[in-house]
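Trainee: I am new to this structure and would like a close look at a single part of it. Please start with the overall setting, then go through that part piece by piece.

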Amino acid sequence: MDSHKVKIVLAGNPNVGKSTLFNSLTGTNQHVGNYPGVTVEKRVGHLSYAEHDVIINDLPGIYSLSAFSPEEIVARNVIAEEDIDVVVNIIDSSNLEKNLYLTLQLLEMGLPMVIFLNMADIAEKNGIKLDVAKLSKILGVPVINGQARDKQGLSELLKEVFAIHEENLPPPEFRYSDIMESYISRVIKIIALHDVSMAKKWIAVKLLENDTQCKALFPHKVWGRIDSVKSEMAKENGSSPVAMVVRERYHIIGSIVSSTVISKEKKKAGMSSGLDKLLLGDFFAIPFFLFSMFILFQLVFKVGTPFADMLESFFGWLAVKVSSFWGTNQDSFLRSLIVDGVINGVGGVLVFTPNIFLMFFGIAFLEESGYMSRVAVIMDKYMSRIGLSGKSFVPMVLGFGCSAPAIMGTRIVENRWERIATIMAIPFMSCGARLPVFMLFVSVFIEPEYQSLVLLFLYIIGIAIGLIVVKILRKTMLSGEENPLIIELPRYAFPSLRMLLMQTWERGEHFIKKAGTIILASSIILWALNTFPVLDESKIEPGYSESEIASMKLEYSAMGRIGKFLEPVFKPMGGDWKISSAFVASLAAKEVVVSELKMLYNETDEENESSTFKTALKNQYSIFAAIAFMLFTLLSAPCIATFAVTKMETESWRWPIFQLFMMTIIAYVFSVTFFQVASLISGG
């Protein structure tokens, strides 16, 4: 490298202010792209210092240097393979224990390093004071205390970076326990004859962690000798080498923290710890989680329903107003398209916008308050029993919003088999698209005082069945080791209203756009399928009422014929040809169930103004049939968008096709079983 060019990489956990430091150092002199072959963002900037051209590479935020997630692979490849002068490790001063896990791995790599303790102001507010000099002495590298947002400590940071660069001295090795060092030494002897550019101790530890990229550096005969060392470790210590390495690192971290962290205001600094003891404790964790979900659903119903009723009245008024342009006795395809297809179809879904936005607002509140990360920890010990870590629960929770981005969010799950299992489970989490269907049937068939509970039970059923499916898959098709949960627990905070509204709009906007595109297009297609071919009324014998003629027209249409053909399939769950038509339509988007039923029932009895869409549903189906329909909606195959994203993320058609058939079978068995058993018990 040119002696006047210095290459620095910024490495740290997510949310430690790494990008803020990058922006403070480089200003506008930066560019953003993607690393070759992946969608991980690449940020490179420049600055001039002491007649040197400094190139700064802002690595993606990571928790470890494992070779699993795309972000970890990119960060590791940059640090291990590129020509780097100095690594700057950014640490959140108020969260030292969580950040040092990555720091220890960076030290193992043996590259010149400087630590930047960021967010000193937050640490001070929390009553935390760090002995910076002692921390530097223990780790053997310079440690700078600063605040990237206000550019405090940046000049000292650059000074130390260039001092380290001039000396070109790697950090001293830190020691594990004697027993662990003995295993590491044995692995180092095995790989000693092979030429590798990276630090041998780091490679030895990664081999004990079963790192596939490090294993690829050596021939198969070396793997066998290393596996024998790992087998001895497991036999002699009663746990896997991976678990031993994790425990050893956290033991070292605990020792460092106890030696360098001083709490001046123990009560204030311990607030999050005190809450965690309560909210993460065995006795209170699950009840509080269920209680918070119940409160969320109460918010969705109690606050959202009055606004939803107002929207329903508006779309009803709009339909009457538009119809009046054609006169009372005029029959027009254009009128039918606009009123029945667009207003009743799209409007029937949009009336639930307040409920959906409130759901997103509640989820955003749980995330921003710091509680959602705790949910991952709460669920970790339960999910480990089915072969997943608590980290898989994070994209599952995102699935309550929309399955497609939630499946993309499984990239944080390192193990491939765990990741595919999580992808298979996510569509069982009730997404926002299902909510309009639930809201419709719950509001029609369930008494107001039980509506929130019914909705809560539906979500719980979806979670439970998703987890059971994962358990079976991890024992059969997707068996393999699981990774320990490493996740940052942010401080508890009362979220700002601005941030909550921004997140709510970002997620809700997707629903609005979907209503204006996919649902609009689907509603128009459904209108055509429900309208054509047109029954010749001259062939209908006299004596039929208008509502009977309207029903005959629908049955004669293409969708009516499809529904009639599939009616025997849906009859065991209390359905008829209209229900079968609605579920066929839902393959495009789950919300379309409401649109299709609205079209099918909007002309049920035009002579009787008191007969509404909802009363028509209540007269047609039993409460057991309604619950069966909701179960089928909850558990049945995902929409086309989710199907496509599953293919993209698994890089195979095998898994989305498997998902389609698996969920359809599960949904059918559960809904039919429920209806038949409930009907038998009730004597219906």
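Mentor: Happy to. Of the 684 residues of the protein, 53% count as buried, a word that here means under 20% relative accessible area, while exposed means over 50% and partly exposed lies in between, all with a 1.4 Å probe and protein chains only. Please keep in mind that this is a predicted model, in which local features need pLDDT of at least 70 and side-chain atom pairs count only at pLDDT 80 or more, whereas totals for chains, interfaces and linings use all residues. Residues are numbered from 1 along each chain as its sequence is written, and side-chain values use heavy atoms, with hydrogens and water left out.

The protein has 32 helices and 9 strands; helices are DSSP runs of H or I with at least four residues, strands are runs of E with at least two, and both are numbered from the N terminus. Contact means heavy atoms within 4.5 Å. Among contacts between residues at least 6 apart in sequence, 74% join residues at least 24 apart.

The part I would pick is the group of strands built around β1, β4, β5, β6 and β8. Let us begin with β1, which covers residues 5–12. Because 7 of its 8 residues are buried, β1 is largely enclosed by the rest of the structure. Which strands pair with β1? Two strands pair if DSSP finds at least two bridges between them. One partner is β4 (residues 52–58), which runs parallel to β1 and is joined to it by 6 bridges. Within that pairing, Ile 8 has Ile 56 of β4 as its bridge partner. β4 is itself largely enclosed by the rest of the structure, since 6 of its 7 residues are buried. Another partner of β1 is β5 (residues 86–92), again in the parallel sense, this time over 5 bridges. Here Gly 12 stands opposite Ile 90 in β5.

From β5 we can step across to β6, as 6 bridges join these two parallel strands. Asp 92 stands opposite Asn 118 in this pairing. The chain between them is worth following too: β5, helix α3 (residues 96–108) and β6 make a right-handed β-α-β unit. Right-handed means that, with the strands pointing away from the viewer, the path from the first strand over the helix to the second runs clockwise.

How many residues of β6 are buried? All 6 of the 6 residues in β6 (residues 113–118) are, so this strand is largely enclosed by the rest of the structure. In a regular strand, side chains alternate between the two faces of the sheet. In β6, Met 113, Ile 115 and Leu 117 point one way, while Val 114, Phe 116 and Asn 118 point the other way, and all of them are buried.

β6 also runs parallel to β8 (residues 143–145), with 3 bridges joining the two. In β8, Val 143 stands opposite Ile 115. Just beyond, the loop between β8 and α6 (154–167) holds Lys 151. Is Lys 151 buried or exposed? Lys 151 counts as exposed because its relative accessibility is 54%. Its phi is near 60°, a positive value in a residue other than glycine.

For contrast, here is a look elsewhere in the model. Val 470 is found in helix α22 (residues 451–475), and it counts as buried because its relative accessibility is 0%. Leaving aside neighbours within four places in sequence, Val 470 is in contact with Ile 386, Leu 388, Ala 421 and Ala 425. Val 470 and Glu 418 are 52 residues apart in sequence, yet 8.8 Å apart in space, C-alpha to C-alpha.

One last stop is the loop between α24 (518–531) and α25 (546–556), where Pro 533 lies. The peptide bond from Phe 532 to Pro 533 is cis, with omega near -5°.
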